[in-house]
Amino acid sequence: MSTQILERPETKDADTGPEMFHYVRKEKIAESAVMGTFVVALCGEKFPVTKSPKPGSPVCPQCKEIYESMKH
């Protein structure tokens, strides 16, 4: 399974912290960006791809934990 950090900034109030991005299946990213279909993150969040993370962007803690456990 191929995953990549992407998408889904969680919208938060300015005082509650930065946007977070989720891990999703790499092969679904382009399809979602072009067609508007929803992707499912490792943590279970469903959303359409609307933007890409920049280096150093914060990652969803649940997605990161699941991804790290899959690498072993």
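1. Start with C60. At 3% relative accessibility, this residue counts as buried. The model is a predicted one, so every value here is computed from predicted coordinates.2. Disulfides come next. The structure holds zero of them. C60 is in no disulfide, and the nearest cysteine sulfur, that of C63, is 3.9 Å away. A disulfide needs two cysteine sulfur atoms within 2.5 Å.

3. C63 also deserves a look. Its closest cysteine sulfur is in C43, at 3.7 Å, which is too far for a bond. C63 counts as buried, at 0% relative accessibility.

4. Which residues make up the largest nonpolar core? It has 10 residues: Y23, V24, I29, V39, A41, F47, V49, V59, C60 and C63. Both C60 and C63 are therefore core members as well as unpaired cysteines in the sense of points 2 and 3. In soluble globular proteins, nonpolar side chains tend to be buried together.

5. V39 belongs to that core. Leaving out residues up to four places away in sequence, V39 touches V24, K28, S32, E45, K46, F47 and V49. Among these contacts, V24, F47 and V49 are listed in the core too.

6. Y23 is another core residue. Its relative accessible area is 9%, and Y23 is buried. Y23 lies in strand β2, residues 22-25.

7. How many aromatic pairs are there? The count comes to one. The partners are Y23 and Y67, with ring centres 4.5 Å apart and planes at 10°, so the pair is stacked. The pair links distant parts of the chain: Y23 sits in strand β2, while Y67 sits in helix α2 (residues 61-70), 44 residues apart.

8. Is Y67 buried or partly exposed? At 23% relative accessibility, Y67 counts as partly exposed. The cut-off for buried is under 20%. Y23, its partner, is buried at 9%.

9. The structure holds one salt bridge. The side chains of R25 and E27 form it, at 3.5 Å from N to O. R25 is partly exposed, with a relative accessible area of 39%. E27 is partly exposed too, at 47%.

10. To recap for a first viewing: look for the salt bridge between R25 and E27, the stacked rings of Y23 and Y67, and the core that includes V39, C60 and C63.

Note on methods
Residues are numbered from 1 along each chain as its sequence is written. This is a predicted model: local features need pLDDT of at least 70, side-chain atom pairs count only at pLDDT 80 or more; totals for chains, interfaces and linings use all residues. Side-chain values use heavy atoms; hydrogens and water are left out. A salt bridge is a side-chain nitrogen of Lys or Arg within 4 Å of a carboxyl oxygen of Asp or Glu. Buried means under 20% relative accessible area, exposed over 50%, partly exposed in between (1.4 Å probe, protein chains only). A nonpolar core is a set of buried Ala, Val, Leu, Ile, Met, Phe, Trp, Tyr and Cys residues joined through side-chain atoms within 4.5 Å. Contact means heavy atoms within 4.5 Å. Rings of Phe, Tyr and Trp (its six-membered ring) pair if their centres lie within 6.5 Å; planes under 30 degrees apart count as stacked, over 60 as edge-to-face and the rest as tilted. Helices (H or I, at least four residues) and strands (E, at least two) are DSSP runs, numbered from the N terminus.
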